[in-house]
Amino acid sequence: KEMKVALFQANTKDNATKENIERYKQILTNLDKDTDLLVFPEMFTTGFTIDTDYAEEMQGISLEFLKQIAQEKDIAVDASIMIKEGEKYVNRHFFVTKDKVEYYDKKHLFCLSKEPRVVSKGEKELIVEYKGWKIKLLTCYDLRFPMWARNHFSQDKGFDYDVLIYVASWADDRISNWEMLLPARAIENQSYVIGVNRTGIDKKGYTYKGSTIAIDYQGDTMSRANDETEEIIYATLDKDALKQYRDKFPVALDWD
């Protein structure tokens, strides 16, 4: 069983929601027809922000756009948006299909920004099931916390998940950490890892080369975006190959 994932390394313009959506629509006219899952970066319509003026309600245009893509193309779409819920704000990572909207609220809030002062942290992990795959959603800074990404295995239930998705707004000054930790998560969890980061320059002058990447269960690169380029790259994940590898090298039996 295969799943084709499209990784959209977007050159997000800060606080330009409508403009970003219009551009994405144009680019998506060329999306491969056999795509199963499309993944955007963190806060894909605003860039990473803690300016609550740019937060949206659940009925906002960014989530509507995700629903529209899922409906029109009959695929799953994954992205994060800053959401206002009552009096609080969350960095919400969505997984949208034509039938369903599921989400994970980012747990680890970035200590070097004001995110922890503005955004409420999520407490629940989320593993979605889609086309026979189990997929865990995580966001940016979460990557630095291996216990939060931990896969588990039991003889009766099997593995918790098969794919780990990180959406991010990870600047160049620490990009080497992103590039090292993603393969580590794949290896230690015997899982595919999808890491989708933005590119471009934000309003504070931080640069983002991207380093958007799909990694297999052995930590090897399947496909990687070009630096500083807004583009969609593809990776086809193979369920049988994953199972064979896990059976052949049953390290999960020895996990703590």
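Contact here means heavy atoms within 4.5 Å. All views are taken from a predicted model.

**Figure 1. Overall view of the predicted protein, with its 5 helices and 16 strands.** The C-alpha trace spans about 50 × 40 × 35 Å along the principal axes. The radius of gyration is 17 Å, which agrees with the value near 18 Å that a compact globule of 256 residues would have. Of these 256 residues, 55% count as buried. Among contacts between residues at least 6 apart in sequence, 69% join residues at least 24 apart. The accessible surface amounts to about 11,700 Å², and carbon and sulfur atoms account for 48% of that area. The protein carries 37 positive and 45 negative side chains, with the centres of the two sets 2 Å apart.

**Figure 2. Close-up of the largest nonpolar core, centred on Ile 135.** This core has 45 residues, of which Leu 37, Ile 135 and Ile 194 touch the most other members. Strand 10 (residues 163–168) supplies the largest share of the core, namely 6 residues. Apart from this core lies another one of 24 residues, including Phe 8, Leu 38, Phe 44 and Ile 75. Once neighbours within four places in sequence are set aside, the contacts of Ile 135 are Met 3, Leu 37, Phe 95, Leu 126, Ile 127, Val 128, Tyr 130, Tyr 161, Val 163 and Ile 165.

**Figure 3. Close-up of Ile 127 in strand 6 (residues 127–130).** Ile 127 has a relative accessible area of 30% and is therefore partly exposed, since that class lies between the limits of 20% for buried and 50% for exposed. Beyond its neighbours within four places in sequence, Ile 127 is in contact with Lys 134, Ile 135, Lys 136, Asp 160 and Tyr 161. Asp 162 is 35 residues away from Ile 127 along the chain, and the C-alpha atoms of the two are separated by 9.7 Å.

**Figure 4. Close-up of Thr 139 in strand 7 (residues 133–139).** Thr 139 counts as buried because its relative accessibility is 0%. With residues up to four places away in sequence not counted, Thr 139 touches Glu 42, Asn 91, His 93, Tyr 104, Lys 106, Tyr 166 and Val 167.

**Figure 5. Close-up of Arg 185 in helix 4 (residues 175–189).** The relative accessibility of Arg 185 is 4%, so this residue counts as buried. Its contacts, apart from neighbours within four places in sequence, are Leu 143, Arg 144, Pro 146, Ala 149, Leu 164, Tyr 166 and Val 193. Lys 67 stands 118 residues from Arg 185 in sequence, and the C-alpha to C-alpha separation is 29 Å.

**Figure 6. Close-up of Arg 198 in the loop between strand 11 (192–197) and strand 12 (200–201).** Arg 198 counts as buried because its relative accessibility is 1%. Leaving out neighbours within four places in sequence, Arg 198 is in contact with Gln 9, Ala 10, Thr 12, Asp 14, Pro 41, Gly 47, Ala 168, Ser 169, Tyr 208, Lys 209 and Gly 210. Between the C-alpha atoms of Arg 198 and Ala 252, which are 54 residues apart along the chain, the separation is 33 Å.

Methods
Residues numbered from 1 in each chain as written. Predicted model: local features only at pLDDT ≥ 70, side-chain atom pairs only at ≥ 80, totals over all residues. Heavy atoms only, no water. Helix = DSSP H or I, 4+ residues; strand = E, 2+ residues; numbered from the N terminus. Buried < 20%, exposed > 50% of the residue type's maximum accessible area, 1.4 Å probe, protein only. Rg over C-alpha atoms; globule rule 2.2 N^0.38 Å. Areas by Shrake-Rupley, 256 points an atom, 1.4 Å probe, with all protein chains shown as cover. Lys, Arg positive; Asp, Glu negative; His and termini not counted. Charge placed at Lys NZ, Arg CZ, Asp CG, Glu CD. Core = buried A, V, L, I, M, F, W, Y, C linked by side-chain atoms within 4.5 Å.
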